[in-house]
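Notebook open, coffee poured. I want to go through this one helix by helix and jot down what I look up.

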Amino acid sequence: MSEKTSPGTLGFGVGIGLGAGFGVLTALLANIDVSIGITNGVAAGLIVGGITGLSLERHWIGDDERLVIVFGMGFGTIVGIGLGLLTAWTYNFSYVGGFSTGSIAGLVLGTILGMQIFLFSKND
């Protein structure tokens, strides 16, 4: 007997791992401390993965399940911009750099999380 994992739970779980990975990658590309990247990446992964999974689970996006990918892209970009600007403000970085790095990382993270949630939450 196997129980099906809900999309919200799947989003939280996958979001932690993907967020940490993208946080390290973003920190290395932006030449900042890796611990900052990991913490911001995990936070972004939890927020984007959880809300994107819940959007599919609670039908916030309508009946077409493919829209979870688009929702993940948009929501990931918004969260990435917010965390990028917050990091830039906290550690006295360039705001333009925080905005652009956060938006790119958030867009890619949201796209991958949306695709993961869509593919793994389909009914058999």
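Before I look at helix ends, a reminder to myself: a polar contact is a pair of N or O atoms within 3.5 Å, and within protein one must be able to donate a hydrogen and the other to accept it. Also, this is a predicted model, so I read everything below as such.

**Cap on α4.** With that cut-off in hand, I checked the start of α4. S94 caps its N-terminal end, with a side-chain oxygen 3.4 Å from the backbone nitrogen of V96.

**Overall layout.** I counted elements next. The protein chain has four helices and zero strands, and from the N terminus on the order reads α-α-α-α. I looked up the radius of gyration too: it is 15 Å, close to the 14 Å from the globule rule for 124 residues, so the chain is as compact as a globular protein of that length. Along the principal axes, the C-alpha trace spans about 50 × 30 × 20 Å.

**Contacts and surface.** Of the contacts with a separation of 6 or more, 67% are between residues 24 or more positions apart. Buried residues make up 38% of the 124 in the chain. I get about 7000 Å² exposed, and carbon and sulfur atoms supply 68% of that.

**Helix lengths.** Do the ends sit where the residue count puts them? I went through three helices.
- α2 (residues 34–57) has 24 residues, which should span 34 Å at 1.5 Å a residue; I find 33 Å between its end C-alpha atoms, which agrees.
- α3 also has its numbers in order: 24 residues, 34 Å from first C-alpha to last, close to the 34 Å expected.
- α4 (residues 95–120) has 26 residues and should span 38 Å; its end C-alpha atoms are 36 Å apart, and that agrees.

**After the helices.** I looked at backbone angles past two helix ends. H59, just after α2, takes a positive phi of about 60°. N92, just after α3, takes a positive phi of about 55°.

**What is buried, and under what.** In α3 the buried list includes G72, G76, G80 and G84, along with V79 and L83. The cover over the buried residues of α3 includes α2 and α4. In α4 I note G98, G102, G106, G110 and G114 among the buried residues, and L109 and L113 are buried as well. For α4 the cover includes α1 (7–30), α2 and α3 (67–90).

**Cores.** Which residues form the largest nonpolar core? I find seven: F22, A44, V48, V79, L83, L109 and L113. α2, α3 and α4 each supply at least two residues of this core. There is a second, separate core of six residues, including L56, V68, I117 and F118. Going back to F22, and leaving out residues up to four places away in sequence, I see it touch V108, L109 and I112.

**Y95.** Last stop. Y95 is found in helix α4. Is Y95 buried, exposed or partly exposed? Its relative accessible area is 47%, so it counts as partly exposed, given that buried means under 20% and exposed over 50%. Beyond four places away in sequence, Y95 touches L85, A88 and W89. I also took the distance to L109: Y95 and L109 are 14 residues apart in sequence and 20 Å apart in space, C-alpha to C-alpha.

Notes: Residues numbered from 1 in each chain as written. Predicted model: local features only at pLDDT ≥ 70, side-chain atom pairs only at ≥ 80, totals over all residues. Heavy atoms only, no water. Expected span 1.5 Å × (residues − 1). Buried < 20%, exposed > 50% of the residue type's maximum accessible area, 1.4 Å probe, protein only. Contact = heavy atoms within 4.5 Å. Core = buried A, V, L, I, M, F, W, Y, C linked by side-chain atoms within 4.5 Å. Rg over C-alpha atoms; globule rule 2.2 N^0.38 Å. Areas by Shrake-Rupley, 256 points an atom, 1.4 Å probe, with all protein chains shown as cover.
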